[in-house]
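User: I'm new to this one. Can you walk me through its nonpolar cores and its cysteines?

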Amino acid sequence: AHNMDNVSIWAVADCTGHGVPGAFMSMLGFGFLNEIVIEGGITNPAEILNRLRSKIIAALGEKGENQARDGMDVSICVWDKNTNQLQYSGANNPLWIIRHNSTEKPENVKRVTTLETSALELLEIEPDKMPVGFYEENSKNFSNKSIPLHSGDVILQLTDGFADQFGGNLGKKLKYAPLKRSLIEVQSMQFENQLNAVATIFDDWKHTHEQVDDVCMVAVKVE
């Protein structure tokens, strides 16, 4: 995350590998993002991902092994607080926005999740279906999506560890649809209390099952 003037930029990433390989990829991504955004002053999220991919490929090319598998899934948000516009670009990682159902929907919404018991809805904006790393379509640039923000909006980014967790009575994956409904339901709580509620949902689902992946979820609320 980084703030410059009245613009906030933050990223959520899921790197391939566990242990030392995963740590290596995380360090590369963190360092390169700092170079691109802080030192380079780039604030266009798609351009950030394009440059990050080039740097990752160059670094892994020197390393020379597991090139087809190494990389990361990333979502980047750039919030201009002067215009209240959010620019988003994603590499396999979607963007979710929870807002009142009377508020206008952006043009690029792929799916909408609603509850009969809530006036809120969850809007899903799809990412580009390619990672940051080696890929068949490396020549294809990442795309930007613009979303006008409104007071009360909650911007959500996450990795797949939560939805992929095994648990419940049948030991199956939680999946995204129940997670989306749960995230709408916890909006009735104070924002600072929602973290504990979401953690409880995960722990209750997992119960005695082994955790299968790391879990990352970032929520930003527009006042």
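Analyst: Here come a few questions and answers about the cores and the cysteines. Quick ground rules: the model is predicted, so local features need pLDDT of at least 70, side-chain atom pairs count only at pLDDT 80 or more, and totals for chains, interfaces and linings use all residues. Residues are numbered from 1 along each chain as its sequence is written, and side-chain values use heavy atoms, with hydrogens and water left out.

User: Which element gives the most to the largest nonpolar core?

Analyst: A nonpolar core is a set of buried (under 20% relative accessible area, 1.4 Å probe, protein chains only) Ala, Val, Leu, Ile, Met, Phe, Trp, Tyr and Cys residues joined through side-chain atoms within 4.5 Å. The largest has 25 residues. Two or more come from each of strand S2 (7-15), helix H1 (19-39), helix H2 (45-63) and strand S3 (71-80), where helices (H or I, at least four residues) and strands (E, at least two) are DSSP runs numbered from the N terminus. With seven residues, the top giver is H2.

User: Which residues does Leu 52 touch?

Analyst: Leu 52 is among the residues with the most contacts inside that core; contact means heavy atoms within 4.5 Å. Leaving out residues up to four places away in sequence, Leu 52 touches Gly 29, Phe 32, Leu 33, Ile 36, Met 72, Val 74 and Val 132.

User: How many disulfides does the structure hold?

Analyst: A disulfide is a pair of cysteine sulfur atoms within 2.5 Å. The sulfur of Cys 15 has its closest cysteine sulfur in Cys 216, 10 Å away, so that is too far for a bond. The count is zero.

Definitions and conventions: Buried means under 20% relative accessible area, exposed over 50%, partly exposed in between (1.4 Å probe, protein chains only).
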